[in-house]
Structure formats: C-alpha cells, structure tokens
Protein chains: 2
Amino acid sequence: MDPRKMRILQAVTDDYINTAEPVGSRTIARKYGLGVSPATIRNEMSDLEELGYLEQPHTSAGRVPSDKGYRFYVDVLMDPAEIGPEVRARLREEFAARRQVMEQMIHHAARLLSVMTHYTAVVVAPKTSETAIRRLQLTPLDEMNVLAVLVTEPGFVEHHVIELASPMDEATLQKLGQRLNDYLVGKTPKEVNRGLLERLREDLEPKRLYDETVELLMRSVGSRCEERVYFDGTLHLFEQPEFRDVERAKALLGFLEQEEAVSSMLSEISRRSGTQVTIGHEHPREEMYECSMVTATYHVGGTVVGTVGVVGPTRMEYSKAVSAVGALADSLSEVLTQMTRRPA
Amino acid sequence: MDPRKMRILQAVTDDYINTAEPVGSRTIARKYGLGVSPATIRNEMSDLEELGYLEQPHTSAGRVPSDKGYRFYVDVLMDPAEIGPEVRARLREEFAARRQVMEQMIHHAARLLSVMTHYTAVVVAPKTSETAIRRLQLTPLDEMNVLAVLVTEPGFVEHHVIELASPMDEATLQKLGQRLNDYLVGKTPKEVNRGLLERLREDLEPKRLYDETVELLMRSVGSRCEERVYFDGTLHLFEQPEFRDVERAKALLGFLEQEEAVSSMLSEISRRSGTQVTIGHEHPREEMYECSMVTATYHVGGTVVGTVGVVGPTRMEYSKAVSAVGALADSLSEVLTQMTRRPA
DNA sequence: CGTTAGCACTCATGGACATGGAGTGCTAAC
DNA sequence: GTTAGCACTCCATGTCCATGAGTGCTAACG
C-alpha cells in the first residue's frame, strides 16, 4: 500500500461520497491533481480492487469503495474536519437552555444532530439504572395505587404507578418514603444490591412493606426496556440516492422502528466508549449492511450513560459526521455533568 | 341519481379500493352482477363522470372515484362493517391491562389501530388542561428547583421542573403543596380561572409564593404544545401503491413529522365529536390532498379529551377503517371513564 | 521498469418505434 | 332504454440501436 495508492483511494472515496456515481480513472486524473495519466491510475485502481479496497458495480463502470475501503479511509486517510469552539459553545448553550427537562434535552440533541449532519440522528437516553438517585417520591393516588417518581442525578425524571397488594394509608406511605430516601439517595439503582435490600428489610417496621419496596425497585431497575431511543430527521434517509428504492427504504425504516433491536445493537457497539464508526457489513444486522453509523457515548462524570449517533448510507461524509457526533456528545456530557449535584 | 347509478358507483369504488387499478365497464359487468351489458354501464359511468363522482386518469383508461365520489360512498353507500362484541371486549382488555400508565395506553392504542387497519395510526393524547386534577405534588430538587408532578383524572402523569425566583425551604413548600391541592383537586386546569387564583392569593401567607404558583399553573395549562401526537405503522404508507413514488411519500411523511401542524389539523377536524371522515381535498393542508383520514374522538365521562385516527390514501377501505377507529375510540373512552374517580 | 498512448471491448442508459391490450364513445339495431 | 359492433385512443411493454463512459490489454517510450 504505497502512498500513491492511498492518495488514489482517498480521491475515489471523496469523489464517490460527493457524487454517488462510480468514479473512473479519467475523473481522478482531471479533478485530483496527481500528475499521472488515467492509464496509470487504472493500473493502480486495478491493484486496489485486487486488494479489496475498491469494487466495480459491473465491468466497465467506475470504481466504488468497498466496506474495507471505507474502513481504511476512516482509520487512516480522513482528516476529521475540526469543529470550531464557537459551534461547541453554541451547542452547550442549546442544551443548557433546556436543562430542566431531560427528555427535552434528548429530543433536542437528536434534532441538532440531524440538522447539523443531514443524516438521521439517533439518541439513546440515559439508563436510569446507571445514574445516581437524587430523590424518590411516593405519592398516593388512591388506597391501592401509588405514584413513584424517581429523580436521578442529571435530572432525569421517571414515574411508575404501582398497584399495591394491600391498602396503605398516607402516613405509612410518607414514612416509607422517608426511609427509602435515606437509603437510596446517591446510589444508582444498579448499586442497590441484595445486601442493601436486606438491611432495609430489617429496618422497616411493617414487614409487609418490604415486598412493595422490592417490587418498586425491580420495576425501576428492570425497566431497561425503557431505554428509550429517539430519532430525528428520518426523512433525510430519502435524500440519499441509495434509498430512492422504496423497498430498501422500507426495510431500513422497519428495522429502525423496532426500538429494542436498535437499542441492543447500539449498546453492543458502544461498549467501547468514545466515537465509533461502524461500516456496512460490520453491523450485526442484515438490515444495516448498506448503512454506516457514527456513534459516540456521552457521560455524566465518568460514567457512560447513553449514546448519540447518525445513520446514513455507507457513502457517508464520515469526516463531517465524526466531528459533529463527537462535538455533540462532548457538549451533552459537559452540560449533564455540570447539572449533577456532587453527592454531599 | 337513480339506484342503478348508485350501485355502479359503489361497484367502481369497491373495485378500485381493492385493486388500485382504474376500473372499466367490462370488469363491473363481469364481477358485479348487475344484469346489464358493459355498454349500458359505460353510459352510466359517463353520466357519473359528468356529475363529478368519477374521474378518468386519461382517455381510454377506466374510471376512478373522485373525492366527491368517495364522499357519497362514505355518506350513503357504504355499510360500515360491524365489529363483533368479542373484538370490542378484546380491545377493552388490552387497555385495561395497561391501565396504570397513560402514556403506554396511548402508544398501545396507536399500535392496535395500525395493526387492525394496516394504515398509519395517529393518536392525540388527552390535553392535560381538560381533565380533572387528581393530585398535585411538589418535590424539592434543590434550593432553587422544584419538581411539580401533576396527576389528572384518567391517570395522566405530567411533570415540570420549575426554577424558583428565590430559594424556598422544604417545609414552606410542603405547606404550599397542601394548599394548592385543597384548591385544585377536582378542577380541570382550564377551570382554574382568574377568580380562583385571586382567592388563592389572599389565602396564601407568603405573598411571594403566589407568583410561583401562577408560573406553575401557566406552564401546565399553557403546555398545549405538549399535546402530544403519537404515530404507529408509518411503514404501512409504503405498502400503498400510491406512495411508491419516494417524493410523494417524503412530502407526506415530512408533514406528519411536524407534530404541531398535525395536531392543529386534527383539533380542527375533531371539533365535532364522533367519527369523522375527511377525504382528499377536504383537508386544509395541501400535503394531505391525496390522503383520507378517519378519526374519532375519545372522551372521559362526557368530555372529549383526545382523538384517534388512521391516515391512508383516498382509496381507503373506509368501511373497515370507520368501524375500527370507532371501536377503538369507544373502548378507550370506556376504560378511561371507568378509571376516573368520580369527584367525591 | 514504471508510465503512457492507443484501441478494442463491455455495459448501462435513453430515445425511437412497433405492438398489444384495455377501455371508451358513437352509431345503429333490437 | 338497452345492446352489439366498431373505430379510435392511449398506456405499457418490449426491441433495437446509438451513445458514452469506463475498462483491460498491448505496445511503445523514457
């Protein structure tokens, strides 16, 4: 893989990303001044094809980068289009302005990302189970139903209605609430382990209440199915020539509509923190073989709490996408961390 | 408009709804036993076209119902495919099982509707401003921020974070919460008018709190932008041959993505309660000229609180859609009403 | 030996044109 | 009022061909 091959691969990829047309040797020679003739480039391109970096849709068409080609482009060739500090500041402000309601921030993050990149944006909201509990509030609805409102550190509010096994009066509930708060504040639902629950059990006077408590917590922690996925700019998919075919677009949209599938795919990918690029057949799911994703994790303090990203065709403007996704994740992390009350 | 014309219009509409192909006189004569020859039918169809009930995509193609034709079909010809009591019972159960969390019920309603009809379902969640307040809970987050949780009668839970103008200790907050509950429970946010607020002002001891109260309520009542619209089965649109063209599908989806626009259109349409059919150019918005909607309002007690409906091509199976939407709205209303605690 | 010019070959694309079929409108006969 | 017959229209489909972009190969060049 000599330097000239690399420059040619870069030229082919850049051009294909812009035009969506297979690119031929003439085009390269004309538009990208490599100082060699088309014939030479043809030879090099032939080699690159043999090496697996380029593909031909059919004989006598131009070349197109393969997944491997894109991978090399992303890892080695691409320079990642730095994002200015003004833009970063703008992003922080945008989030700070919506600081009060977590859900709005998440929505807004998706919107910003899709507007910035013109790709479909996807944001996975923080798992409640991994952020510290700030407050747990129990409110009676009637004799048999209790509203449990859980506020976790970055300001994420979640509520569950719990149907009691047996009636409970308001005073008892109040007391239970107090106790629970004392025990739980500052811990993440994940940290609430068996040992803690046992101690709690011993302490709670009406033993009967214990079961309720467990149910409540299980609901809250076990609500990983509530790991919500937000989309924005789904329409941008249709702007891509590769999705002009309705069948193809339908298949992809159908997959994206399945929240659980997307969420599990994303959590698989974002096991490693930081910005991640996943290209075509690297995806675990067939529906995504024609797509690429650029994702980044965001965090509160040191803990990764969620993922943001964009979905587009493999012919994606990786440099723009990587920097935008990165900047957004950074800003989001920053604001969320700032919002978090350090435990006293 | 003699009876035979009506039968022919019905036949044309039925056939076109099934096949999506312009229907000719031969087809009518063959498939629908009217006992007359194609030639006769041709004459009648020519008349129907003159009257504006049918249209020809081009000379020497079959006929297709016009918007006016569909309107007549819906108002006069169609028999609305009764839905059995078992299905209604199923629906009620489905909702009852999710009785605890309003948002899940709404989601589920959209899902059920799109599965039943194979059209895109849309559900507008109850405006909080029109359902009675069951409970208002104020919870301190820190010195300057309060979490206000509003529970309205059918079990709709909504939360707002309020940033205070000046710090307030927990005890004061507690007292304020008590007072507010006494005043507000049983009323709808809409009923909370100026007079009531005045009386409240006089009663509250630290006058400063008054402003906070107003802000809180204004947020809650004024959150008509929070009149959420839920979709399900957007993909079904692509199954319709009329949306095989990506541009057309994009235009429609783009419109549906604008929550406010859709919500205002729906509230316009569902001013009259009950089941409503809106056909093609009857829509206020150009993006919907090629579509029809079947909508119905649902209610708690006697008050209309929201809308359910389906969106499809004008060539829609109106009879199925009307009965499905109607049944769903009924079941939803029933369960919601049942859930509502009658004020003591 | 790498580079280049030349040339034959391949293949997708799009326009021109013929063909078939579905459907209409009209007229005349029943 | 209804029907059969017929000429006419128009879309959809398929074929053919010209065009052009691009390749691979070979032979010449420095």
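Axes here are lines fitted to C-alpha atoms, for helices over the stretch in contact, and the angle between two of them runs from 0 to 180 degrees between N-to-C directions. The model is predicted. In chain B, the axes of helix H1 (residues 3-19) and helix H4 (residues 67-77) cross at roughly 110° and come within 10 Å. Angles of 65 to 115 degrees count as roughly perpendicular, and H1(B) and H4(B) are therefore roughly perpendicular to each other. On the H1(B) side the contact is made by Met6(B), Leu9(B), Gln10(B), Thr13(B), Asp14(B), Tyr16(B) and Ile17(B). H4(B) contributes Gly69(B), Tyr70(B), Phe72(B), Tyr73(B), Val76(B) and Leu77(B). Sorted by class, this contact of H1(B) with H4(B) has nine nonpolar, three polar and one charged residues.

A second helix pair is found in chain A. Helix H5 (residues 85-97) of chain A packs with helix H13 (residues 318-339) of chain A at an angle of about 45°, and their axes are 9 Å apart. That angle makes H5(A) oblique to H13(A). The crossing in which H5(A) passes H13(A) is right-handed. From H5(A), the residues in contact are Arg88(A), Leu91(A), Arg92(A), Phe95(A) and Ala96(A). From H13(A) they are Ala327(A), Leu328(A), Asp330(A), Ser331(A), Leu332(A), Glu334(A) and Val335(A). By class, the contact of H5(A) with H13(A) has seven nonpolar, one polar and four charged residues.

The next part of the model to consider is the DNA, beginning with strand C. There are 20 residues around DNA strand C, and of these Arg4(A), Thr40(A), His58(A), Ser60(A) and Ser25(B) come nearest. Of the strand C atoms within 4 Å of the protein, 78% belong to sugar or phosphate, and the rest belong to bases. Several individual polar contacts involve phosphate oxygens. A polar side-chain atom of Arg4(A) lies 2.8 Å from a phosphate oxygen of DNA strand C. For Thr59(A), the distance from a polar side-chain atom to a phosphate oxygen of this strand is 3.3 Å. Arg63(B) also has a polar side-chain atom 3.3 Å from a phosphate oxygen of strand C. The elements giving two or more residues to the surface near DNA strand C are helix H3 (38-51) of chain A, together with helix H2 (25-31) and helix H3 (38-51) of chain B. H3(A) provides the largest share of that surface, four residues. By class, the surface near strand C has four nonpolar, twelve polar and four charged residues.

DNA strand D can be read in a similar order. Of the 20 residues around DNA strand D, those that come nearest are Ser25(A), Arg63(A), Arg4(B), Thr40(B) and Ser60(B). Sugar and phosphate account for 77% of the strand D atoms that come within 4 Å of the protein. A polar side-chain atom of Arg4(B) lies 2.8 Å from a phosphate oxygen of DNA strand D. An N or O atom in the side chain of Thr40(B) is 2.3 Å from a phosphate oxygen of this strand. At Ala61(A), a backbone N or O atom lies 3.5 Å from a sugar or linking oxygen of DNA strand D. Helix H2 (25-31) and H3 of chain A, together with H3 of chain B, each supply at least two residues of the surface near DNA strand D. The largest share, four residues, comes from H3(B). By class, the surface near strand D has four nonpolar, twelve polar and four charged residues.

Terms used. Residues are numbered from 1 along each chain as its sequence is written. Chains are lettered from A and ligands numbered from 1 in the order in which they are written. This is a predicted model: local features need pLDDT of at least 70, side-chain atom pairs count only at pLDDT 80 or more; totals for chains, interfaces and linings use all residues. Side-chain values use heavy atoms; hydrogens and water are left out. Angles under 35 degrees count as roughly parallel, over 145 as roughly antiparallel, 65 to 115 as roughly perpendicular and the rest as oblique. A crossing is left-handed if the near helix is turned anticlockwise from the far one by less than a right angle, and right-handed if clockwise. Contact means heavy atoms within 4.5 Å. Ala, Val, Leu, Ile, Met, Phe, Trp, Tyr, Cys and Pro count as nonpolar, Asp, Glu, Lys and Arg as charged, and the others, Gly among them, as polar. A residue is near a molecule or strand if one of its heavy atoms lies within 4 Å of it. A polar contact is a pair of N or O atoms within 3.5 Å; within protein, one must be able to donate a hydrogen and the other to accept it, and residues adjacent in sequence count only if both atoms are side-chain atoms.
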